[in-house]
Amino acid sequence: MATGSIPAVAYFSMEICLEEAIPTYSGGLGVLAGDTLRSAADLGAPIVGVTLAHRKGYFRQHLDADGVQTESAWNWNPETRLPPVPHAVTVEVEGRPVRVRAWRYDIRGVSDHVVPVYLLDTDLPENSDYDRSLTDTLYGGDNRYRLCQEVVLGMGGAALLAALDHDGQYHINEGHAALLCLWLLDRRLAERGASVSEVGVDDVEAVERRCIFTTHTPVPAGHDRFPMALVREVLGERAALLDSAGLWEGEELNMTRLALRCSRFINGVALRHQEVSQEMFPEFPIGAITNGVHATTWTSAPFRDLFDRHIPQWRRDNQYLRYALTIPLDDIREAHAAAKQAMLDEVARRTGQTLDPKVFTIGFARRSTPYKRADLIFSDLDRLRSIVRHVGPVQIVFGGKAHPRDEAGKFLIRRVHEAAHALGDALRVVYVENYEMQLGHLLTSGSDVWLNNPMKPLEASGTSGMKAALNGVPSLSVLDGWWIEGCLEGTTGWAIGPDAKLPQDPSQDIPELYYQLERVVLPLYYGLPYRYAEVMRNAIAINGSFFNTQRMVSQYIQNAYAPGGSSPALLTASR
Ligand SMILES: *Cc1c(COP(=O)(O)O)cnc(C)c1O
């Protein structure tokens, strides 16, 4: 893949998952950002990452026997791990100068190309206590704290890159970093010696030519908005740019709209998500680049060894995973048995609960929030007991944190624990606390099937099922996000319910889930294990070879980063 010809890209993301010991991410968005940069390094692409240091992390999750969640800070010290960047910059927050420095984390690719990631940090003695805390907690604090953080990320990050001589394009990964557009607009005016009131369409277009925006959520509450009065307090004089360039939405600043207005290429993260986003924002042309995962990061050791033996080129070029079709089924089964045992050993170590390697094991782990419906499979416990009695034993491993203020998400974790108590030995359920990268790795590679049942169409993409596919773990999932593209019924996994665009009764998914388990998946697993292994192998060959960030970053390079890359014209005439 030729990447040398694109201008340098600065990739801005509020969260980036770098490694297990660095708690700078909360979930899918951060994992995707990390995987993107890892693949960019493999491809030798001229990209740098920008995020915050998050010294107190997201949080560590603790669960009691009833599933009541409590949280504690997950402190880490960048100074003990990373070299400092020899530059610092100043941004204005609420009229105060705030000093911003950065730590550098290097991601090294397969051929030793380095992608640096700058972790911005305001914990400096010259800043006030409040300002020192601005880069502490991911998604913590109130609206004001959040907006101040976004100033540090977008404007502080852009200023730091300018000090480092970055002069290329900017990829805004979700709206949190959209204030970098305002920084670019400000600088453009300064360069041409114009005042704020003289901002014109040309100026906004000049910013637009340099920006790429990826939107990640079809949930309206997932888009950051700030009331005008707060924005004026925090941004001070620069808020006048929003006035003169007409960048407010009513009485609010909507970060998604700001990014949409200021980007030449806009995309959703799966085909369905593009359609949903296009309906939400009909006046902007939105394209689709489906997410992926970093293949070597998310493949378990037994499958890495297996691929190295049969298709050694897979590390450099993930498309070679297509040739997993030639791997003998016995080898697939053997590698999976090893990955499953590794998961069960770690589950036992962490929870004291020993599960049976011969029993069909369902994995379910993701952020605990209502639309993800962690408790759906427990809707009818008698039905579940009857399935297990008549078709074969089942055990389920759960993981997932609820945001500290998401009471409904916390309630779901308690519901799963209640069901676990009610089912007892009829069907063993284990909830492993503190879902993070390593646990994600173990669960997606060691389960026999990866269950996902969000409420449609709220899953923009989902990536954990892609990790599972790389490890030969088929998905059993509602047709939403990436699974609409990845599901070949009975070949790469199984669907729950129809792929219909019309609003449906979400409770319809319950009988569909039970039907698939009772009549299709469990009978195949226990009755025709080699047919089951074929589905596993297909998951690798058909889905692993496509739903990876190497393909995804190549698509960004060809469609977005390349000179002139812009979203497709609107199909509708609504602009
Ligand atoms: C992959 C991953 C996610 C995202 O998975 P989804 O399927 O998008 O929910 C979240 N958290 C962790 C720790 C992960 O590894």
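**Reading helices, loops and cores**

Author: Let's start with helix α14, where Leu384, Ser386, Ile387 and Val388 are buried. Keep in mind that this is a predicted model.

Reader: What covers the buried residues of α14?

Author: The cover includes β15 (394–399), α15 and α19 (509–527). Of these neighbours, let's follow α15. Leu381, Leu384 and Arg385 of α14 meet Ala419, Ala422 and Leu423 of α15. Leu384 thus appears twice in our picture: as a buried residue of α14 and as one that meets α15.

Reader: How do I describe the way two helices pack? At what angle do α14 and α15 pack?

Author: Look at the angle and the distance between the axes. Helix α14 (residues 381–391) packs against helix α15 (residues 407–423) at about 50 degrees, and their axes are 11 Å apart. Because of that angle, α14 is oblique to α15. The crossing of α14 past α15 is right-handed.

Reader: And what should I look for at the ends of α14?

Author: At the start, a side-chain oxygen of aspartate 380 comes to within 3.3 Å of the backbone nitrogen of aspartate 382. Just after the helix, glycine 392 has a positive phi of about 155 degrees.

Reader: Which residues other than glycine have a positive phi?

Author: Two examples are glutamate 174, with phi near 75 degrees, and asparagine 434, with phi near 60 degrees. Glutamate 174 sits in the loop between β8 (169–173) and α5 (179–191), while asparagine 434 sits in the loop between β16 (428–432) and α16 (437–446). Glutamate 174 has a relative accessible area of 6%, so it is buried. Asparagine 434 is buried too, at 12%.

Reader: Which peptide bond is cis?

Author: Go to the bond from lysine 456 to proline 457: its omega is near 0 degrees, and it is cis. You will find proline 457 in the loop between β17 (449–452) and α17 (464–470).

Reader: Is a loop residue such as threonine 24 buried or exposed?

Author: Threonine 24 is buried, because its relative accessibility is 0%. It lies in the loop between β1 (9–13) and α1 (28–43). Leaving aside residues up to four places away in sequence, threonine 24 touches several others, including Leu52, His54, Trp76 and Leu138. Its side chain also reaches the backbone oxygen of isoleucine 16 at 2.6 Å. For another loop residue, try phenylalanine 546, between α20 (529–544) and α21 (549–561). Phenylalanine 546 has 34% relative accessibility, so it counts as partly exposed.

Reader: Where does the side chain of serine 554 reach?

Author: It reaches the backbone oxygen of glutamine 550 at 2.7 Å. Serine 554 belongs to helix α21 and is buried, with a relative accessible area of 8%.

Reader: How do I read a nonpolar core? How many residues has the largest one?

Author: Here is the general idea: in soluble globular proteins, nonpolar side chains tend to be buried together. In this model the largest nonpolar core has 72 residues, and Phe12, Leu179, Leu180 and Leu235 have the most contacts inside it. Helix α4 (residues 143–163) gives the largest share of this core, 11 residues. Apart from this core lies another, of 67 residues, among them Val416, Val478, Cys487 and Phe547.

Reader: Which residues does leucine 179 touch?

Author: Beyond those up to four places away in sequence, leucine 179 touches Leu147, Glu150, Val151, Gly154, Met155, Leu235, Leu253, Met255 and Leu258.

How values were computed. Residues numbered from 1 in each chain as written. Predicted model: local features only at pLDDT ≥ 70, side-chain atom pairs only at ≥ 80, totals over all residues. Heavy atoms only, no water. Helix = DSSP H or I, 4+ residues; strand = E, 2+ residues; numbered from the N terminus. Buried < 20%, exposed > 50% of the residue type's maximum accessible area, 1.4 Å probe, protein only. Polar contact = N/O pair within 3.5 Å; in protein donor to acceptor, adjacent residues only side chain to side chain. Contact = heavy atoms within 4.5 Å. Core = buried A, V, L, I, M, F, W, Y, C linked by side-chain atoms within 4.5 Å. Axes fitted to C-alpha atoms, helices over the stretch in contact; angles between N-to-C directions. Parallel < 35°, antiparallel > 145°, perpendicular 65-115°, else oblique. Left-handed = near helix turned anticlockwise from the far one by under 90°.
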